[in-house]
Amino acid sequence: MTEPYFTLNTGKKIPAVGFGCAFGNWTDETEMQGFRPELAWHGVTEALKAGYQHLDTAHCYATERHVGDIVGRSLSEGKLQREDLFITTKLAHPAAPPHVAISHRLTWNWTSVEDIQQRVMDDFEASKDKLGMGYVDLLLMHWPGDFVNKDKGFGREARLAIWEVFESLNKRGDAHAIGVCNFTANHIEDLISAGRTVPAVNQFELHPYCQDPELEAYCQSQGILVEAYAPFASGAYGILKDPVISEIAQQTGRSTGQVILRWQLQCGRVVLPKSSNPQRMAQNLELFDFELSDEQIAKINALAPKEAKRSTVDPATIA
């Protein structure tokens, strides 16, 4: 892959490398777990300096205000035009476990909301206000359902209700493309079988220790672009020190992070790395002047364990 863009099923181009705007800790149990939005002031500022055009945030990350403010300053100074950027945000994140520091105002149990469509619409308007933008390039349904409710009928109806709001936002131009996040093939089928708009994107955790070739093949068959979040497993499992990846890095003269990201791109995925280090941010964009061989790709594919090593909830557990 030499072109730094993919094309969505809407015909719109999306930068192949985005900057993840979820700052915090989810994997180290010795420290506070949850979001740290204050880290976004430095991170997003440096990401724009490094040349990122694709910023991936979410209502529950509490970083939309930071993205909006930092981007707004660049726009006011004439450094960027809105059309230069691809902004993604996400809605409908279920309430998190009590030990995770996420605002209860930004997440909610689907079963406890009186009018789920109105809640989603209100959250979108709040997100748009924080971003200070008239539209987003991509709007994603953050999760396919509640973490605790195991009623498949309720889950399906709730997904369809939220998707109807997304379709209305897409139709009126507030969201130029709509997609899903953390969806299994069954979750997506609920939308498609009901005759609804096919999602442009399915974003889910995807790295060498967490692969799902069946889901990827399904998405490809439906024209749905795969986005890989947590490409380095959110710092867990020592993935950046894996001996196979380290050997390939030595062979290519690249860092292990660059090897993982290049593997993602050659597999046809948008990738969303996050870093607070300006040098690594720049490295994570330097991916289009080298290629991995078929043999190297196969070696990384073979790293997938029998049971995926995840840094978050397994979407298959959601009804």
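Cysteine 267 counts as partly exposed, at 27% relative accessibility; the classes used here are buried for under 20% relative accessible area, exposed for over 50%, and partly exposed in between, with a 1.4 Å probe and protein chains only. The model is a predicted one, in which local features need pLDDT of at least 70 and side-chain atom pairs count only at pLDDT 80 or more, while totals for chains, interfaces and linings use all residues. Residues are numbered from 1 along each chain as its sequence is written, and side-chain values use heavy atoms, with hydrogens and water left out.

The cysteines make a friendly starting point. A disulfide is a covalent bond between the sulfur atoms of two cysteines, and is taken here as a pair of cysteine sulfur atoms within 2.5 Å. The structure holds zero disulfides. For cysteine 267, the nearest cysteine sulfur belongs to cysteine 210 and is 14 Å away. Cysteine 219 is likewise in no disulfide, the nearest cysteine sulfur being that of cysteine 181, 12 Å away. Cysteine 219 is buried, with a relative accessible area of 0%.

Cysteine 219 also leads into helix H6 (residues 213-221), whose buried residues are Leu215, Glu216, Tyr218 and Cys219. Helices (H or I, at least four residues) and strands (E, at least two) are DSSP runs, numbered from the N terminus. These buried residues lie on the same side of H6, because they cover an arc of only 160 degrees around the axis, the arc being that of the directions from the helix axis to the C-beta atoms. The face turned away from this side carries the exposed residues Pro213, Glu214, Gln220 and Ser221. Just after H6, glycine 223 takes a positive phi of about 75 degrees.

What lies over the buried side of H6? The cover includes helix H5 (185-193) and strands S10 (201-205), S11 (225-229) and S12 (269-272), with contact meaning heavy atoms within 4.5 Å. S11 and S12 run parallel and are joined by four bridges; strands pair if DSSP finds at least two bridges between them. In this arrangement, tyrosine 229 stands opposite leucine 272 in S12. Both faces of S12 are covered, with Arg269 and Val271 buried on one side and Val270 and Leu272 buried on the other.

Val270 and Leu272 are also among the residues that histidine 54 touches, a list including Ile14, Pro15, Phe86 and Glu227, not counting residues up to four places away in sequence. Histidine 54 sits in strand S6 (residues 54-56) and is buried, with a relative accessible area of 0%. A polar atom of its side chain lies 3.2 Å from the backbone oxygen of proline 15.

How values were computed. A polar contact is a pair of N or O atoms within 3.5 Å; within protein, one must be able to donate a hydrogen and the other to accept it, and residues adjacent in sequence count only if both atoms are side-chain atoms.
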